[in-house]
Amino acid sequence: MTSETAETGPALRYEYDLDAAPSKVWRALTVPEFVARWLLPDPQAPQEPPRISLEMIEADTERFVRYSMREKDDAVADSIVTFRLDPNGSGGTIFSIVHEPVIAVMPRGRTAANGNAPPTTMRLAA
């Protein structure tokens, strides 16, 4: 994104208590073969799978990992998903997921080409 900025919208938050240790959950979130099994669409599915890509943008080993999720060929992330891992005191993991949609914001003074503003300003291509 060049002159635009991005903000996150209202987040979806989920929390689960898992029997698996944080190290095992961490592997499921970071080993590419495991990530593909449960975060990406099944390429063997009979319908056309969505074209989604994941990119790890931040991580702290066995504590949290943050991915940008986007439709392939899209310049802006569609959402940011953060997975947080906390020990639950009994050998398992408190697994938190925060899913935040990304909202592109145009700088002030610029209007969209398809906006309803009077034709006094130059329009941007949609």
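Is R70 buried or exposed? Select R70 to find out. At 18% relative accessibility, R70 counts as buried, because the cut-off for buried is under 20% relative accessible area. Keep in mind throughout that this is a predicted model.

**Whole chain**

Zoom out before going further. The protein chain holds two helices and six strands. Read from the N terminus, the order of elements is β-β-α-α-β-β-β-β. The chain has 126 residues, of which 23% count as buried.

**Strand β2 and a surface patch**

Select residues 12-18, which make up strand β2. Now show L12, Y14 and Y16. These residues form a nonpolar patch on the surface. Together they offer about 310 Å² of accessible area. Click on Y16, which lies in β2. With 42% relative accessibility, Y16 counts as partly exposed.

**Helix α1**

Move on to residues 22-30, helix α1. Which residues of α1 are buried? They are P22, V25, W26 and L29. Look down the helix axis with these four shown as sticks. They cover an arc of only 105° around the axis, so they sit on the same side of α1.

**The β3-β4 hairpin**

Select residues 52-60 for strand β3, then residues 64-71 for strand β4. The two strands pair in the antiparallel sense, over eight bridges. For one point along the pairing, pick E58: R66 in β4 stands opposite.

Follow the backbone from β3 into β4. The strands form a hairpin, with three residues between them. Stop at E62 in the turn, where phi is positive, about 60°.

Next, show the side chains of D60 and R63. They meet in a salt bridge, 3.1 Å from N to O. D60 is partly exposed at 29% relative accessibility. R63 is partly exposed too, with a relative accessible area of 41%.

**Strand β4 and its second partner**

Stay on β4. How many of the eight residues of β4 are buried? Six of them are, so the strand is largely enclosed by the rest of the structure.

Add residues 79-87, strand β5. β4 and β5 pair in the antiparallel sense over six bridges. Select M69 and look across to β5: the bridge partner is S79.

**Back to R70**

Return to R70, which has its place in strand β4. Show its side chain together with that of S68. A polar contact of 3.1 Å joins the two side chains.

Now add E55. R70 and E55 form a salt bridge, with the closest N and O atoms 3.9 Å apart. This pair links distant parts of the chain: R70 is in strand β4 and E55 in strand β3, 15 residues apart. Colour the pair by accessibility. R70 counts as buried at 18%, whereas E55 is partly exposed, with a relative accessible area of 44%.

**Last stop: D86 and R84**

Select D86 and R84 and display their side chains. They meet in a salt bridge of 3.5 Å, N to O. D86 is partly exposed, with a relative accessible area of 25%. R84 is also partly exposed, with a relative accessible area of 32%.

How many salt bridges does the count come to? The count comes to four; among them are R70 with E55, D60 with R63, and D86 with R84.

How values were computed:
Residues numbered from 1 in each chain as written. Predicted model: local features only at pLDDT ≥ 70, side-chain atom pairs only at ≥ 80, totals over all residues. Heavy atoms only, no water. Buried < 20%, exposed > 50% of the residue type's maximum accessible area, 1.4 Å probe, protein only. Arc of directions from axis to C-beta. Patch = residues over 30% accessible without salt bridge, like charges linked within 9 Å, V, L, I, M, F, W, Y side chains within 5 Å. Areas by Shrake-Rupley, 256 points an atom, 1.4 Å probe, with all protein chains shown as cover. Pairing = 2+ DSSP bridges. Polar contact = N/O pair within 3.5 Å; in protein donor to acceptor, adjacent residues only side chain to side chain.
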